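Please brief me on how the strands and helices of this model are arranged. Keep it short and sorted by topic.

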Amino acid sequence: MSNEIPMLASPAHPDADWLPRGARWLVISGAALFVAACIAAGLLLSHLHRQFNADARRELGNLALVLARYTENSFRSVELLEDGLLEMVGSLNIRSGQEFDEQLSTLGVHLDLQARIAALVHVDAAFFANAQGIVVASSRSWPQTAAASIADRPYFEVLRDNPGRRRYLAPPTPGVRSGIRNIYLTRRIDTADGRFLGVVGAALSLSELEAFLSRIALGAGSAIGVWRRDGVLMARHPPADAIIGGPPPGNLGFQDILQRGESGIYRARSAVDGEDRIVAARALTDYPVAVTVSRRGDDVLALWRREAGYTAAALLALAIAIPGVVLLGIRALRSRDLLEQARTEVRVLEEQRRSQAQIAHLAHHDPLTGLANRLLLRTRLDEAVARARRGQACAVLCLDLDHFKDVNDTLGHAFGDMLLRAVTERIRTVVRETDTIARLGGDEFAVVQTGVDHPDDAGVLAQRLIAALGVPFDLDGNHVMAGVSIGIAVAPDDGLDSNQLLQDADMALYRAKSAGRGCYRFFEAEMNAQALLRRTLQVDIRRGLQAGEFELFYQPQVSLPARRLTGFEALLRWRHPERGLLTPDRFVPLAEDMGLILPLGEWVLTQACAEAAAWPTDKKLAVNLSPVQFTGSLVETVTTALQAAGLDAARLELEVTETVLLRETEATLVTLHRLRGLGVAIALDDFGTGYSSLGYLQRFPFDKVKIDRTFIRSLGKSRESDAIVRSVIDLCDALDMVTIAEGVETEEQRRILTAQGCDEAQGHLFGRPMTVPEIRDLLRVQIAPLPAPPQASA
């Protein structure tokens, strides 16, 4: 017994108690490790879940804001268009439905509608409809060969039946004739005493809007919608043609947001496609419209689910690895692979975020220069104006390059783009980082200058910009001049409305360009009156062309030294019913801007040839051409005018300015040679005032060269003018070209020109511009040379 008791009290092996304790420790440690890993994984997945949702909501909210502003700007541009059309109708003082039909169904109104929507790519058409719903004028066609009625369309009925309602936004509706669905924004037109006359409307292109939405969409599974506040779907990407323009598609989760005009982000099942979506809704400020941007909930959390799968796999591997070191090693290897996969997923996610950031950047910046676009400029200007309301002034500077078109036309568009990028870098060296630089399109830029202590601060910035851009640019070895003209508006002095400030700065820019370019001008209140006059003249030009208010005067041209009458130059005048007789400098630039110079130039050629046909056959006719006429069918126009008048082509002389050759293209030279082929003479007008006059004489063999009046005015008083005139006459004599001096007003000028060998002359010394009856009287008695007056006045 004594031998057995110690055996029961002492262990047979030293490790017998250690193995159970060690195993229990491993199990407890492994379990603790596993529980800790589960808790960490849960926290991580919870954080990632919140992060993915927050990122998606922020991204959708930002994009909804951008699209809402784009949509609001689109509607606002249409309202500005309709404001101008209502102003035009008001100027006509229409008092009855009959006057409405008569005065708005003209070619002039049709052309005006076309011109006004030319720059609005999202506007498909503009139109006027009378009180019976009959379309009397449209930008699409003229004349209205068959009556088109919109009397049954909501965008007409609502305004007709509700006198207190001034405008109406209609969902996509098929056009009466085209059948193309467009969004219609219409405005009511009343007489002065409140009687309904009709509507003015604009059709916003649904296809253009949906194409824009497709370019902005975030990819597969995303959707963008434009809704009216009553729940009617106006446009969508992906398209949903079956419900576009119809009643609200079921229960809309954002119905309250629409009706209250608020914005928000929520999760709901889509009433359009039944998908569970995260939706960002943004209501427009000034229009009963909201924009929604959404993504499927599954797409938003797809990466999170993959992360959860990887985490679960890691936990399973950890559970398997706890019993032994071998499995622990396998888990370590597996963890390494999982980590690499996780890194790959993170890289993919970052690439997607970079792509989305690039989309957001493109929505706010000009792709060529990287500068802010109109949308971002408007945002920054709104912010600056808000600060100006609190006392911190700001300024808007509108910039226009003086010679960009010359570079584009002579060197090509690639060099034009190169110049725009170089100009951008120059502007950046002058403007502070806190200010905003934007490219508005073409060669137009704008700067929002903040923190303006005094309006002179804006003038100092403008002077620095003019100096910086006045230095020649080196474009791959081509030295070109850009130059810049600048218009300035200052807030709060010139107002606290962003749209008005931009318009004011643009008017000041127009004044700077009119002052000779290369300068700046501040906005002044009287510029509004001048802008109104300009718009009034634009309307009047169309009316005047139809009403036959334009007429031709003729100035004699004589040979030297004999003073023998050789012909007449046709000079266009406008006998305005209110403003009297206007010279071309008052209306030709407007006609060129409006695209009316082609019909006006065609009328001049036809009328002048018809009147010249009655002159003696040795008397020639000179007619000026606008550079814009070279973009049309000029040769056919000249041919038709000669044939209709029965005028010998050898009696017609066409005068072109150096501007035509400054824009020289192969087509321009072909046109000039075709005109010469008709037997018509070609004269170079205003010689010596351009950039490379001698080169023009080499590139095209002119029949006649006209010495500009600026040199003739200083004859006998300036050695430089005497030398230039003598050189031109000698050069043309060597090239077998006739020289004619314009603006000859004194006997001393005539004597010097005769002594230097000038062939012909015209000016007040020989006769002022004459009417057709005066020409007949002169030709009836003109046998001897024209007498010299004692002294012609200037």
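The points below cover a sheet, a helix lying across it, and two helix pairs. The model is predicted. Its open sheet holds five strands with antiparallel pairing. Helix 12 packs with helix 13, and helix 11 crosses helix 15.

**Sheet**
- The strand order is 7-6-10-9-8.
- Strand 7 (233-237) and strand 8 (264-269) are the edge strands, each pairing on one side only.
- On average, neighbouring strands are turned by 25 degrees against each other, direction ignored.
- Strand 8 and strand 9 (residues 276-283) run antiparallel and are joined by six bridges.
- Tyr266 has Val279 of strand 9 as its bridge partner.

**Helix on the sheet**
- Helix 6 (residues 206-216) lies across strand 6 (222-228) and strand 7.
- Helix 6 runs at about 40 degrees to strand 7.

**Helices 12 and 13**
- Helix 12 (residues 404-411) packs against helix 13 (residues 413-430) at about 145 degrees, with the axes 6 Å apart.
- Helix 12 contributes Phe404, Val407, Asn408 and Leu411 to the contact, and helix 13 contributes His413, Phe415, Gly416, Leu419 and Leu420.
- By class, this contact has six nonpolar, three polar and no charged residues.

**Helices 11 and 15**
- The axes of helix 11 (residues 374-389) and helix 15 (residues 498-514) come within 9 Å and cross at roughly 105 degrees.
- Helix 11 is therefore roughly perpendicular to helix 15.
- Leu377, Arg378, Leu381, Asp382 and Val385 of helix 11 meet Ser498, Asn499, Leu501 and Leu502 of helix 15 in the contact.
- By class, the contact of helix 11 with helix 15 has five nonpolar, two polar and two charged residues.

Conventions. Residues are numbered from 1 along each chain as its sequence is written. This is a predicted model: local features need pLDDT of at least 70, side-chain atom pairs count only at pLDDT 80 or more; totals for chains, interfaces and linings use all residues. Side-chain values use heavy atoms; hydrogens and water are left out. Two strands pair if DSSP finds at least two bridges between them. Helices (H or I, at least four residues) and strands (E, at least two) are DSSP runs, numbered from the N terminus. Axes are lines fitted to C-alpha atoms, for helices over the stretch in contact, and angles run from 0 to 180 degrees between N-to-C directions. Contact means heavy atoms within 4.5 Å. Ala, Val, Leu, Ile, Met, Phe, Trp, Tyr, Cys and Pro count as nonpolar, Asp, Glu, Lys and Arg as charged, and the others, Gly among them, as polar. Angles under 35 degrees count as roughly parallel, over 145 as roughly antiparallel, 65 to 115 as roughly perpendicular and the rest as oblique.
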